[in-house]
Amino acid sequence: MDLDYNIEGGDFTHAGEASSHLKKILKSLNLDSGLIRRTVVSMYEAEVNVVAHAWSGDIHVNIRPDQIHITITDSGPGIPDLELAMQKGYSTASPAVREMGFGAGMGLPNIKENSDFMDITSKPGSGTIMKIVNQIKR
Amino acid sequence: MKVAELIEKLNLTVFESGENMNRELTGGYASDLLSDVMGKTKPDMVWITLQSHVNIIAVASLKDLAAIIIVHGQVPPSEVIEKACAEGITLLGTESDTFLTAAKVYQCLFSDGTGTR
Ligand SMILES: Nc1ncnc2c1ncn2[C@@H]1O[C@H](COP(=O)(O)OP(=O)(O)OP(=O)(O)O)[C@@H](O)[C@H]1O
Ligand SMILES: [Mg+2]
């Protein structure tokens, strides 16, 4: 099964809607609730990162019998130092975004903890591609 | 303790009753940082926060939290209440602050001192 979503940079009102939709789909497939939570937490953090840090993005979800693949591609400033960005507490979020409770620098660490595989490719000045894979154990 | 009992004990305001009134609470978490809540909460916890914007509903829904308590007597905007209704999230409020609310929730849930979270 394939699902596609668009994300608009700066649009916090709708941030998380793609993840909420995916959760409903995964629930209807009767997958393990722990796996569902891990998967939607990962996708939510990646989705919000596009809203908070990039200009626009696409999410592609591919649900296979044994794995869930999520690819988030954005146009945006990219991530110049991936190692630094992965550190807990590192954030370049604006003061306005921080006031809403974003910008703790915990999103990327959350993705790492809640996914079985995570990969970021980024081209500074152009955009970021994030791949997340979770294993379906039956 | 069920969500409905906690509401009565703490005299909480109900902005939206949602679908979780009969859920048995497993614990609580107090934080205003959304990705902290995303990372650290467990299902059926009650979340205490001063954030009252629409994104708290998605966080509670994605993490299967039992309820949100908004502190300082803040009234969430109507679109937040509508979203809570649509997602079945139990949205509550108190005049009290985070510290006192967390203390009272702890007392209600773990008054026998066996609280393990
Ligand atoms: N899609 C992206 N495009 C550009 N920069 C990004 C992107 N995702 C993450 N970053 C950079 O990596 C940093 C760390 O990201 P992370 O998600 O861990 O924290 P945050 O988004 O700042 O705060 P939080 O996720 O806790 O709300 C960000 O502050 C930003 O500088
Ligand atoms: Mg983030």
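## The enclosed cavity

Helix 1 of chain A and helix 3 of chain B each supply at least two residues of the lining of the largest cavity. This is a predicted model, and a search of the whole structure turns up 1 cavity of 30 Å³ or more. Its volume comes out at about 50 Å³.

From chain A, the lining takes in A:Thr13, A:His14, A:Ala15, A:Gly16, A:Glu17 and A:Ser20. Chain B brings B:Val54, B:Asn55, B:Ala58 and B:Lys83 to that lining. Sort the cavity's lining by class and you get 3 nonpolar, 5 polar and 2 charged residues.

## Where ligand 1 sits

Now for the ligand. Ligand 1 lies between chains A and B, and the space it takes is the largest pocket. In the shell around ligand 1, the elements that give two or more residues are helix 2 (33–53) and helix 5 (107–113), both of chain A.

There are 20 residues around ligand 1, and the ones that come nearest are A:His53, A:Ser91, A:Thr92, A:Gly103 and B:Ser35. By class, the shell splits into 8 nonpolar, 10 polar and 2 charged residues.

## Polar contacts to the ligand

Three contacts to oxygen atoms of the ligand are worth a look. A:Ser91 uses its side chain: a polar atom there lies 2.5 Å from an oxygen atom of ligand 1. A:Gly103 goes through its backbone instead, with an N or O atom 2.7 Å from an oxygen atom of ligand 1. A:Leu108 also has a backbone N or O atom in play, 2.9 Å from a ligand 1 oxygen atom. As for cover, ligand 1 has 600 Å² of accessible area on its own, and the protein covers 94% of it.

## The largest pocket

Back to the space that ligand 1 takes: the largest pocket holds about 620 Å³. It is lined by 34 residues, and those closest to its centre are A:Asn49, A:His53, A:Ile79, A:Thr92 and A:Leu108. Two of these, A:His53 and A:Thr92, are also among the residues that come nearest to ligand 1, and A:Leu108 makes one of the backbone contacts described above.

Which element gives the most to the lining of the largest pocket? That's helix 2 of chain A, with 8 residues. Other chain A elements that each supply at least two lining residues are strand 3 (67–75), helix 3 (82–85), helix 5 and strand 5 (127–135). The class split of this lining is 21 nonpolar, 10 polar and 3 charged residues.

## The second largest pocket

The second largest pocket has about 270 Å³ of space. Of the 16 residues that line it, A:Lys23, A:Lys27, B:Glu19, B:Ser61 and B:Glu87 are the closest to its centre. Both chains show up among the elements giving two or more residues to this lining: helix 1 (17–28) of chain A, plus helix 3 (55–62) and helix 4 (78–87) of chain B.

Helix 1 of chain A gives the most here, with 4 residues. Helix 1 of chain A and helix 3 of chain B are also the pair named for the lining of the largest cavity. By class, the second largest pocket is lined by 5 nonpolar, 4 polar and 7 charged residues.

Technical notes. Residues numbered from 1 in each chain as written. Chains lettered and ligands numbered in written order. Predicted model: local features only at pLDDT ≥ 70, side-chain atom pairs only at ≥ 80, totals over all residues. Heavy atoms only, no water. Near = heavy atom within 4 Å. Polar contact = N/O pair within 3.5 Å; in protein donor to acceptor, adjacent residues only side chain to side chain. Areas by Shrake-Rupley, 256 points an atom, 1.4 Å probe, with all protein chains shown as cover. 1 Å grid on protein atoms, 1.4 Å probe; cavity = no way out; pocket = protein on both sides within 12 Å on 5 of 7 lines; lining within 4 Å. Sits in = over half its atoms within 2 Å of the grid points. Nonpolar A, V, L, I, M, F, W, Y, C, P; charged D, E, K, R; others polar. Points joined across faces, edges and corners; volume = space filled by probe spheres on them.
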